[in-house]
Structure formats: structure tokens, C-alpha cells
Amino acid sequence: MSDGIMKRMGLIFRSKANKALDRAEDPRETLDYSYQKQLELLQKVRRGVADVATSRKRLELQLTQLQQQSAKYEDQGRKALSLGREDLAREALTRKANMQSQINDLETQYQQLQAEEEKLTLASQRLQAKVDAFRTKKETIKATYTAAQAQTRIAESFSGISEEMGDVGLAIQRAEDKTAQMQARAGAIDELLASGALDDASGLGRKDDIEAELERVAGGSDVELELARMKAELGGGSSTSGPAAIEQGKPQPAPQDAHPQDTPRINYNKG
């Protein structure tokens, strides 16, 4: 394969890997890892300060011992000189001079260690302040990221619900349209049945126009007869020709003999 194809494949691979790493990376874990590294560095600085302080203390003890020994040589030389032993006094002072050279070297080293200790102590304090500030910032960023992540999940949930509700709305609309169509169809069928356009083709239960008219007239006569009967009941039976006239020539039942007690008596002598 050519170099162009290899470079393109490498670019695609790196972009895919970068995207995968970006999805896998959690900023909170990265912040915790950085904070842990800073704590380790702070621990090393503190350990260095302790080591320097230990060395300084050791030099301080040695310096104290040499100074005590130098003072002892000085006392011995003074006593020897008081006793007239000038040679012993000279030897004691010679040892004191040699020890003073060591004392001077130790004092120089002591001052250097003391300066280094102060420098490391100041660096440790500054690093401690930075670590504390980073810890505060880290926790703030983590809390903000967690809140943003929760809001994103809620928004995505609402988005999914909105999409589902949109689908449900479409389904409801389709159901309403179908229901309205079925209702319109049912109404049209009722109208066709009422008009006779959809009568049974077999002829069963089918009525022609004459039969329908006869039923209508019969129904009207029944109503009139019922109305006349009610009027007769309300009028107390004073008119006997009403029902016969309304029935239009229908045979009337033979009148029954009236009971004597039911026949009203008229007193002609009165008045």
C-alpha cells in the first residue's frame, strides 16, 4: 500500500481511538488521579524536609561536641601553663586550633543545611496551599460535572418521553380520525336504512307503499278512537252518538238492559 493510504488509515485509527478514549474518560477520575499525584509530591517534599532537618540536627550535635572538646583543650592549656608546663599548654592549644577548623567547617555545613531546610519548608508550605486549593477546585468541578451529567440524563429522558408522546399523539390522532370515519359511515348507513335504499333484497319483512299507508291510517284511527273514549269518560257518558259517529258506521254492541236503580227518575210535579 502507498504512503497516502497508510497515513489515512493511521489518521482514522487515531481519531477512532481518541473518540473512544473521550467517551471512556471521566473528568472526576482524572481530577482524583491528579490530586493523588500532588499528594505524593507533597509527601516527598516533606520527607526531604525531614531528612534535611535530621542532617542539620546531627551536625548540630557534632558541633556541640566539638565546641565542648575545644573548651576542654583550652582549660587544659590554661592549667598546664599555670603549673609551668608550657609544652603541655602548647599541645592543648594546638589541638584546640585543629578542632576549631573542624568546628568552622561544621558551622558552614550547618548553615547550608539550615538554609536548605528553610527553603524546603517554604516550598512544602506553598505546595500544601496549592494542593488544598486544587482539592477545593477538584471537588467543585466534580460536583458541577455530576450535576451537569444528571441534568443531561434528565434532558435526554425528557427528550425520549417527548418523542414517545409525539408517537402517542399521532396514534391518538389516527384513532380519532378512524372513529370519526366510522361514526360518519354508521350515520350514512342509518340514513340509507331509513330511506329504504338498503332494504333486504330477499323481500322478507319488506313492505310496499299501500301496506305502509294502510298501517298509517289504522294507526291514526286507533288514536282517534282512544281520544273519543277518553272524552266520553270525562263527559260522564252524556253523549252516545260520539263513539258511533267517530267509528264511521262500525257495528255497535247491543245496549244492555239498564238496572232500575241506575235509571234516573224525573219529578215532573216539582217546580
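Trainee: Is leucine 113 buried, partly exposed or exposed?
Mentor: This is a predicted model. Leucine 113 sits in helix H3. Buried needs under 20% relative accessible area, and exposed needs over 50%. Leucine 113 has 22% relative accessibility, so the residue counts as partly exposed.

Trainee: Which residues is leucine 113 in contact with, leaving aside its neighbours within four places in sequence?
Mentor: Start with leucine 59, 54 residues apart from leucine 113 along the chain. Their C-alpha atoms are separated by 9.0 Å. Beyond its sequence neighbours, leucine 113 is in contact with Val52, Ser55, Arg56 and Leu59.

Trainee: What is the secondary structure of the chain?
Mentor: Read along the sequence, the pattern is α-α-α-α-α. Among the helices are H2 (27–82) and H3 (86–195). The totals are five helices and zero strands.

Trainee: How far apart are the end C-alpha atoms of H2?
Mentor: H2 has 56 residues. At 1.5 Å a residue, H2 should span 82 Å. The model agrees, because the end C-alpha atoms of H2 are 82 Å apart.

Trainee: Which residue just after H2 takes a positive phi?
Mentor: H2 covers residues 27–82, and H3 covers 86–195. Just after H2, a phi of about 85 degrees appears. The residue is glycine 84.

Trainee: Which residues make up the largest nonpolar core?
Mentor: In soluble globular proteins, nonpolar side chains tend to be buried together. Here, H2 and H3 each supply at least two residues of the largest core. The core has eight residues: Leu59, Leu63, Leu66, Tyr73, Met99, Ile103, Leu106 and Tyr110.

Trainee: What is leucine 63 in contact with, leaving aside neighbours within four places in sequence?
Mentor: Leucine 63 belongs to the largest nonpolar core. Ile103 and Leu106 are also in that core. Beyond sequence neighbours, the contacts of leucine 63 are Ile103, Leu106 and Glu107.

Trainee: How many residues are in the second, separate core?
Mentor: Leu42, Val45, Val49 and Leu127 are among its members. The second core has six residues.

Trainee: Is serine 124 buried or exposed?
Mentor: Serine 124 is found in helix H3. Beyond its sequence neighbours, serine 124 is in contact with Leu42, Val45, Arg46 and Val49. Leu42, Val45 and Val49 also belong to the second core. At 10% relative accessibility, serine 124 counts as buried.

Trainee: Glutamate 117 is charged. Is glutamate 117 buried or exposed?
Mentor: Glutamate 117 lies in helix H3. Leaving aside neighbours within four places in sequence, glutamate 117 is in contact with Val52, Ala53 and Arg56. The cut-off for buried is under 20%. Glutamate 117 has 15% relative accessibility, so the residue counts as buried.

Trainee: Which two residues form the aromatic pair?
Mentor: A pair of aromatic rings is described by the distance of the centres and the angle of the planes. The count comes to one aromatic pair. The pair is stacked, at 6.4 Å centre to centre and 15 degrees between the planes. The partners are tyrosine 35 and phenylalanine 134.

Trainee: Which helices hold tyrosine 35 and phenylalanine 134?
Mentor: The two residues are 99 residues apart in sequence, so the pair ties together distant parts of the chain. Phenylalanine 134 is also in contact with Leu31, Ser34 and Gln38, among residues beyond its sequence neighbours. Tyrosine 35 lies in H2 and phenylalanine 134 in H3.

Trainee: Which residue has its charged end over the ring of tyrosine 35?
Mentor: Tyrosine 35 counts as buried, at 14% relative accessibility. A charged end sits 5.1 Å from the centre of its ring. The residue is lysine 138.

Trainee: In which helix is confidence lowest?
Mentor: The chain averages a pLDDT of 75, and 64% of the residues score at least 70. H2 has the highest confidence, at 89. Over residues 238–271 the pLDDT is below 50. Where pLDDT is low, the predicted coordinates should not be read in detail. The lowest mean, 45, belongs to helix H5.

Methods
Residues are numbered from 1 along each chain as its sequence is written. This is a predicted model: local features need pLDDT of at least 70, side-chain atom pairs count only at pLDDT 80 or more; totals for chains, interfaces and linings use all residues. Side-chain values use heavy atoms; hydrogens and water are left out. A nonpolar core is a set of buried Ala, Val, Leu, Ile, Met, Phe, Trp, Tyr and Cys residues joined through side-chain atoms within 4.5 Å. Buried means under 20% relative accessible area, exposed over 50%, partly exposed in between (1.4 Å probe, protein chains only). Helices (H or I, at least four residues) and strands (E, at least two) are DSSP runs, numbered from the N terminus. Contact means heavy atoms within 4.5 Å. The expected span of a helix is 1.5 Å times one less than its number of residues. pLDDT is the predictor's confidence in each residue, from 0 to 100. Rings of Phe, Tyr and Trp (its six-membered ring) pair if their centres lie within 6.5 Å; planes under 30 degrees apart count as stacked, over 60 as edge-to-face and the rest as tilted. A charge sits over a ring if NZ of Lys or CZ of Arg is within 6 Å of the ring centre and within 35 degrees of the ring normal.
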